[in-house]
Amino acid sequence: MNDSPWGAPAGSGLGGPHQGPAPAGPAHEGRPAAQTRPMPIVPDVPADGFQDGHGRGAAHPSGPLFRDETPHEHPQEPMSSPTPPPPPAPPAPRQKKSAGRNLGAAIGVGVGLGAVIIASLYIWAPAFVGVIAVAVVVGLWELTSRLQERKGIKAPLVPLAVGGAAMVVAGYVRGAEGAWVAMALTALAVLVWRMTEPPEGYLKDVTAGVFAAFYVPFLATFVALLLTADDGPERVLTFLILTVVSDTGAYAVGWRFGKRKLAPRISPGKTREGLVGAVTFAMAAGALCMQFMIDDGVWWQGLVLGLAVAASATLGDLGESMIKRDLGIKDMGTLLPGHGGIMDRLDSLLPTAPVVWLLLALFVGTA
């Protein structure tokens, strides 16, 4: 038995001296074997020194896999000169301040109202009382309409309108006592009139009605009280001039120089500089009016009067701005082009009337 020492049968070609024919295969074919490309040796540690967790070289994502491969290098972008920054944009042209209203219409309406007031003052005084009464009724209509539209408050207009007009006439005929009696009766009429409707909302409706009666006709009655003096037309004209001059001074100075807000949460358009303008203009106008228009008036009294008018007119304007901001509206009405409604013109006049009446009564008396 001729077995191979490795346990292979004789003639298998696995180690005996007399080997049989080798099995057919590509390595033992008669034709020479094709030359193959030798496998390149991968280095244990790449050139960049990246190793895996066991200390063996690990293929780096950016390195070559075979030595005869050329790594794909990122082409270097050509150096370019830095782009110069764009030239600065020219400054935007400064926008002109706008008055926010049609100034031409406002001036025209103001001149027309002034003509009606002066004519009624000097032609027939009771006619001016009628002008006051009409303004009061229209102002009450605007105020109660906005309250109902924006807040659902139904202040009764009929007793307010009748009582308001009666209040103005009573003040002119019977003086301050007549005005107080008419005010009390108007408030009582509001309470009774509202009883004809369901009780829901009664308290807020009558409260708004009494407020409206005091705010519009009662304060306006002091204009009629000014008219009862011997120099009544001059007193009324002084009151109107000082209020208008105060508003004009506040607007002119605030529009030109205003920077610091006076009450931004109430009226963002008003500035402290505008208030200074109102005081300055009103004091100058007050000195002139007291010296040349009011009997027994002295210029220094006009300075005090002008200062008080500037303060009361500004507070009155802010007060109505507070009401309009609460209602969420810009104007109380649209009756006067360029101005808004009647109440938008009465806002500074109404609280100023009792101030002027009181100071003139202290300085020169009520006769």
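A residue counts as buried under 20% relative accessible area, as exposed over 50%, and as partly exposed in between. These classes are applied below to a predicted model. Lys-151 has a relative accessibility of 38% and is therefore partly exposed.

Lys-151 takes part in one of the salt bridges. Seven salt bridges are present in the structure. Side chains of opposite charge can pair when their charged atoms come close. The side chain of Lys-151 meets that of Asp-326, with an N to O distance of 3.3 Å. Asp-326 belongs to helix H7 and Lys-151 to helix H2 (residues 125-151), so this pair ties together parts of the chain 175 residues apart in sequence. Asp-326 has a relative accessible area of 52% and is exposed. Its value lies over the 50% cut-off, so the class differs from that of Lys-151.

A second salt bridge joins the side chains of Asp-231 and Arg-235, at 2.8 Å from N to O. Asp-231 is buried, at 4% relative accessibility. Arg-235 is likewise buried, at 5%. Both values fall under 20%, so both partners of this bridge are classed as buried.

Another salt bridge is formed by Arg-260 and Glu-273, whose side chains meet at 3.2 Å, N to O. This pair links distant parts of the chain, 13 residues apart. Arg-260 sits in the loop between H5 and strand S1 (261-263), whereas Glu-273 is in helix H6. Glu-273 has a relative accessible area of 16%. That value is under 20%, so Glu-273 is buried.

The interior was examined next. The largest nonpolar core contains 58 residues. Val-236, Phe-239 and Leu-305 have the most contacts inside this core. Helix H4 supplies the largest share, 15 residues. For Val-236, neighbours within four places in sequence were set aside. The remaining contacts of Val-236 are Leu-121, Phe-128, Val-223, Leu-226 and Leu-227.

Phe-211 is also located in helix H4, which spans residues 202-227. The relative accessible area of Phe-211 is 39%. This lies between the two cut-offs, so Phe-211 is partly exposed. Core membership requires a buried residue, so Phe-211 falls outside the nonpolar core. Phe-211 and Ala-187 are separated by 24 residues in sequence. Their C-alpha atoms are 9.0 Å apart in space.

Nonpolar side chains also appear at the surface. Leu-103, Ile-107, Val-111, Tyr-251 and Trp-255 make up a nonpolar patch there. Together these residues have about 500 Å² of accessible area. Two elements, helix H1 (103-123) and helix H5 (232-257), each give two or more residues to the patch. H1 gives the most, with three residues. Trp-255 is placed in helix H5. Trp-255 has a relative accessible area of 38% and is partly exposed. Patch residues must have over 30% relative accessible area, so Trp-255 meets that requirement.

One backbone angle was also noted. Most residues other than glycine have a negative phi. Asp-296 has a positive phi, near 65°. Asp-296 lies in the loop between helix H6 (272-292) and helix H7 (299-327). The relative accessibility of Asp-296 is 70%. This is over 50%, so Asp-296 counts as exposed.

Conventions: Residues numbered from 1 in each chain as written. Predicted model: local features only at pLDDT ≥ 70, side-chain atom pairs only at ≥ 80, totals over all residues. Heavy atoms only, no water. Patch = residues over 30% accessible without salt bridge, like charges linked within 9 Å, V, L, I, M, F, W, Y side chains within 5 Å. Areas by Shrake-Rupley, 256 points an atom, 1.4 Å probe, with all protein chains shown as cover. Salt bridge = Lys/Arg side-chain N within 4 Å of Asp/Glu carboxyl O. Helix = DSSP H or I, 4+ residues; strand = E, 2+ residues; numbered from the N terminus. Buried < 20%, exposed > 50% of the residue type's maximum accessible area, 1.4 Å probe, protein only. Core = buried A, V, L, I, M, F, W, Y, C linked by side-chain atoms within 4.5 Å. Contact = heavy atoms within 4.5 Å.
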